[in-house]
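Visitor: I would like a close look at a single part of this protein. Please take the first helix and what follows it, and place that part in the whole.

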Amino acid sequence: MHELALCQALIEQLCAVAREHRAACVARARLRIGPLSGVEPALLEQAFTLARAGTIANEALLEVEQGAVRVRCCECGREQEVPPNDTRCSNCGNWRTQLLSGDELLLVSVELGGAAGRIAAPALAEPA
Ligand SMILES: [Zn+2]
């Protein structure tokens, strides 16, 4: 199960952040998932519940925001948001476009809890 492996990596990362800030627990994690990442948000949330058990992220809330697919046209150079199933240029119709975003899986922010108070950690590297 793809999502479970991702969540285990994510939990490890969250716990590392919490240790770094000497926080007692992880309160909240916010992820951005691109439509082309191959990750199913509902499965990810289920897997997160499994993966967090027994860790200091046990009570953590997972928030998922959906990313958008953006491409740059190789012909006319226009940057645009396109549907996930049709990445052609809407300006000139060229199918040769370069993906700018949409396949990302990003940890956007982490909120830590416990005696240390609430700390909003800045954006981190990709768990993958
Ligand atoms: Zn174009």
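Guide: This is a predicted model, and its secondary structure amounts to two helices and seven strands. Read from the N terminus, the order of elements is α-β-α-β-β-β-β-β-β. Of the 128 residues in the protein, 25% are buried.

Helix 1 covers residues 2-20. At 1.5 Å a residue, its 19 residues should span 27 Å, and the C-alpha atoms at its ends lie 28 Å apart, which agrees. The buried residues in helix 1 are Glu3, Leu6, Cys7, Leu10, Ile11, Leu14, Val17 and Ala18. Because they cover an arc of only 140 degrees around the axis, they sit on the same side of helix 1. The spacing fits a general rule: an α-helix has 3.6 residues a turn, so residues three or four places apart point the same way. The other side of helix 1 carries Ala16, Arg19 and Glu20, which are exposed.

Just after helix 1 comes Arg22, with a positive phi of about 50 degrees. That is a positive value in a residue other than glycine. Arg22 belongs to the loop that runs between helix 1 and strand 1. Is Arg22 buried or exposed? It has 11 C-beta neighbours inside 10 Å and therefore counts as exposed; the cut-off for exposed is 12 or fewer.

Beyond the loop, strand 1 takes up residues 25-33. It has two pairing partners to consider here. With strand 6 (residues 105-113), strand 1 pairs in the antiparallel sense, over eight bridges. Within that pairing, Ala29 stands opposite Val110. With strand 2 (residues 61-66), strand 1 runs parallel, and six bridges join the two. Here Arg32 has Glu65 of strand 2 as its bridge partner. In a regular strand, the side chains alternate between the two faces of the sheet.

The parallel pair also belongs to a larger unit: strand 1, helix 2 (residues 41-52) and strand 2 form a right-handed β-α-β unit.

Contacts in the whole protein give the wider setting. Counting contacts between residues at least 6 apart in sequence, 67% join residues at least 24 apart. The pairing of strand 1 (residues 25-33) with strand 6 (residues 105-113) is one place where distant parts of the sequence are brought together.

Terms used
Residues numbered from 1 in each chain as written. Predicted model: local features only at pLDDT ≥ 70, side-chain atom pairs only at ≥ 80, totals over all residues. Helix = DSSP H or I, 4+ residues; strand = E, 2+ residues; numbered from the N terminus. Buried ≥ 20, exposed ≤ 12 C-beta atoms within 10 Å, placed from the backbone. Contact = placed C-beta atoms within 7 Å. Pairing = 2+ DSSP bridges. Right-handed = clockwise from strand over helix to strand, strands pointing away. Expected span 1.5 Å × (residues − 1). Arc of directions from axis to C-beta.
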